[in-house]
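Welcome, and please take a moment to look over the model below. We will then walk through it together, one topic at a time.

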Amino acid sequence: MNNQANKQASKNTLLTKIIFAILLALIILTLVLKTQQTNTQQTVIDKNTYIEFPDRKPLPIVTLAQADTDGFSTSKIKGKWHILYFGYTFCPDICPLELTVLQQMMEILRKDIATSDLPQILFISIDPERDKPEQVKKYVAAFDSSFMGLTGKQDALTALASPFGIAWMKDAVPSTQESKDNNFYTVSHSTTLLLVNPDSKVAGMFPAPHSAKAMAQAYKNSIKKEKVY
Amino acid sequence: MYKSLRTFVISFMILLLSQIQACSSPEKIEIIDARVRTPTSVTKALGGFMIVKNNTQNLISLVDVKAEGFKQVMLHETINKDGMHRMEHREKILIPAKGKVIFQHGSYHIMFMGLLKEFKSGGKIPVTLIFSDGQEKRVQFIVKDSV
């Protein structure tokens, strides 16, 4: 009788141990899977946010138009990081959105990194026919007072942007009388942002769609990596 | 006496409930969160965003839009093809039966062109939306700093 009770007790202990081991294994498995999932998500965000250029072409030197100056040579784009965006002020949808995202990214970076490491945002109008330098300056300042607004002749703009796959095309003026009278055309354009390093080399690009948080993180990673070189 | 009073009260309640339901039944077309971004001092064009909800059993199209204070107003759609963003004029935008269409960045928007007056943050822009079934809906677009 006593022997039987001992056997039963031993059986129960074994069962408890097995259950405990299974539970422990399940907890470990869940934790491992969760960590793997988090890592995968991070990789996906980085891949879609920033693409590094392995060849690091130098930024072409052209002269652009800037308000209150005789011209802006792109040779001045050095000594700090720059982000270049090609858009136009008549754009009602994408350009205001992009400038807002860039402003939000700057807000994050201002909290996280040294002022000397902050990028200079350059908004370059690809619609010089309507966008005068003074107008571009005022337009970008409404989003962030640190943003610089530039424009230029079409050949200079093309020489600057096309080596990096950035293109635009003036759309036909809609056939309505009001559109014709007011020259209300739109411009189809790329929304890729270029990242230029302090040596005036194009380090990479941020393809659309853009998220302020993801871009800020990718930017921080990028400048950290550059410092290691 | 009590029975007829009870019948009367119940009938009255049913009638009242049916009336409440009739009052709260949604409009044929509902416009939600109509808004534009506060323009800068040099802004020449604005994008209008909203949600258009069709509560009917029939497909309805938004066929035109009118607003004062602009040289021209049109229905537009932004198309992203191979990384190039292009805007196209739309003659009509279909709103499915019992469905909705979201006017948002990178998609449908109302294109307000040639601002004829100042639009300040918090202000309202009266806009008339014209649908294929003939109804005209007057909507106030809110001018917001962030859209």
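Let us begin inside, where strand β5(B) gives three residues to the lining of the largest cavity, the largest share. Before going further, note that this is a predicted model, in which local features need pLDDT of at least 70 and side-chain atom pairs count only at pLDDT 80 or more, while totals for chains, interfaces and linings use all residues. Residues are numbered from 1 along each chain as its sequence is written, chains are lettered from A and ligands numbered from 1 in the order in which they are written, and side-chain values use heavy atoms, with hydrogens and water left out.

A cavity here is a set of points, on a 1 Å grid over the protein atoms alone, where a 1.4 Å probe fits but cannot get out; lining residues have an atom within 4 Å of a point. The count comes to one cavity of 30 Å³ or more. The largest cavity holds about 50 Å³ of space, a volume being the space filled by probe spheres set on the points, with grid points joined across faces, edges and corners. Its lining includes Y88(A), C91(A) and H189(A), as well as T78(B) and R86(B). Two elements give two or more residues to this lining: β8 (187-190) of chain A and β5 (84-89) of chain B. Strands such as these are DSSP runs (E, at least two residues), numbered from the N terminus.

One lining residue, C91(A), leads us to the cysteines. With a disulfide defined as a pair of cysteine sulfur atoms within 2.5 Å, there are zero over all chains. For C91(A), the nearest cysteine sulfur is that of C95(A), 3.1 Å away. C91(A) counts as buried (under 20% relative accessible area, 1.4 Å probe, protein chains only), because its relative accessibility is 3%. C95(A) is buried as well, at 0%.

Now turn to chain B and its strand β2, residues 45-54. Why is β2(B) largely enclosed by the rest of the structure? Eight of its ten residues are buried, so the rest of the structure largely encloses this strand. Strands pair if DSSP finds at least two bridges between them. β2(B) pairs with β1 (residues 29-37) of chain B in the antiparallel sense over six bridges, and V36(B) has G48(B) as its bridge partner. Four bridges join β2(B) to β8(B), residues 108-115, also antiparallel, with A45(B) opposite M113(B). Another antiparallel partner is β7(B), residues 100-103, joined to β2(B) by four bridges; there, V52(B) is matched with V101(B).

Technical notes:
Buried means under 20% relative accessible area, exposed over 50%, partly exposed in between (1.4 Å probe, protein chains only). On a 1 Å grid over the protein atoms alone, a cavity is a set of points where a 1.4 Å probe fits but cannot get out, and a pocket is an open set with protein on both sides within 12 Å along at least five of seven lines; lining residues have an atom within 4 Å of a point.
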